[in-house]
Amino acid sequence: MTERDRLQSFIGNGEKAVPTFSASEMQRRQDGIRAHMAQAGVDAALFTSYHNINYYADFLYCQFGRRYGLLIDHD
C-alpha cells in the first residue's frame, strides 16, 4: 500500500447534499426536455455545460480539469 492509498478514504464523506429543487420540479424539467426530444425525433441528448447539467440534474460542480456530461434519453 502506498502513502497515497493510505490517506484516501471514500467512506463516510459526509451527508448527502440537500437537493435545491423538489423531486417533482426535477421530473417536470426532465419530462419537458423529453417531450422536445420526442417531437424532434431525438433519441438522446448530451449536455456538457454546467448550466444545463445543473438545470436538468441539480448537480453543480467545479470542473478542475474534469469534463462532465449529462445524458438524457427517453427512459
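Which residues in α2 meet which residues in α3? Here are my notes; keep in mind that this is a predicted model.

1. **The α2/α3 contact.** To take that question straight away: from α2 come Met26, Arg28, Arg29, Gln30 and Ile33, and they meet Asn54, Tyr55, Tyr56 and Ala57 in α3. Sorted by class, this contact has 5 nonpolar, 2 polar and 2 charged residues. As for geometry, the two helices α2 and α3 pack at an angle of about 115 degrees, and their axes are 8 Å apart.

2. **Overall layout.** Stepping back, the protein has 3 helices and 2 strands, and along the sequence they run α-α-β-α-β. Of the contacts with a separation of 6 or more, 52% are between residues 24 or more positions apart.

3. **Burial and surface.** There are 75 residues in the protein, and 16% of them are buried. The exposed area comes to about 6500 Å², with carbon and sulfur atoms supplying 54% of it.

4. **The core.** The largest nonpolar core has 9 residues: Ile33, Met37, Ala45, Phe47, Ile53, Tyr56, Tyr61, Leu70 and Ile72. Two or more of these residues come from each of α2 (23-40), β1 (44-47), α3 (50-57) and β2 (70-73). Ile33 is a handy residue to click on here: leaving aside residues up to four places away in sequence, Ile33 touches Phe47, Tyr56 and Ile72.

5. **Arg29.** This one deserves a look. Arg29 sits in helix α2, and it counts as buried because its relative accessibility is 9%, under the 20% cut-off. Not counting residues up to four places away in sequence, Arg29 touches Phe21, Asn54, Tyr55 and Tyr56.

6. **Salt bridges.** The whole structure has 2 salt bridges, and Glu25, Arg28 and Arg29 are linked in a network of them. In one, the side chains of Glu25 and Arg28 meet at 2.8 Å, N to O. In the other, Arg29 pairs with Glu25, and the closest N and O atoms are 2.8 Å apart.

7. **Spacing along the helix.** Glu25 and Arg28 are 3 residues apart in helix α2, so about one helical turn separates them. Arg29 and Glu25 are 4 residues apart in helix α2, so they too are separated by about one helical turn. On exposure, Arg28 counts as partly exposed because its relative accessibility is 47%, whereas Arg29 is buried at 9%.

Technical notes: Residues are numbered from 1 along each chain as its sequence is written. This is a predicted model: local features need pLDDT of at least 70, side-chain atom pairs count only at pLDDT 80 or more; totals for chains, interfaces and linings use all residues. Side-chain values use heavy atoms; hydrogens and water are left out. A nonpolar core is a set of buried Ala, Val, Leu, Ile, Met, Phe, Trp, Tyr and Cys residues joined through side-chain atoms within 4.5 Å. Buried means under 20% relative accessible area, exposed over 50%, partly exposed in between (1.4 Å probe, protein chains only). Contact means heavy atoms within 4.5 Å. Accessible areas come from the Shrake-Rupley method with a 1.4 Å probe; for residues, only the protein chains shown count as cover. Axes are lines fitted to C-alpha atoms, for helices over the stretch in contact, and angles run from 0 to 180 degrees between N-to-C directions. Ala, Val, Leu, Ile, Met, Phe, Trp, Tyr, Cys and Pro count as nonpolar, Asp, Glu, Lys and Arg as charged, and the others, Gly among them, as polar. A salt bridge is a side-chain nitrogen of Lys or Arg within 4 Å of a carboxyl oxygen of Asp or Glu.
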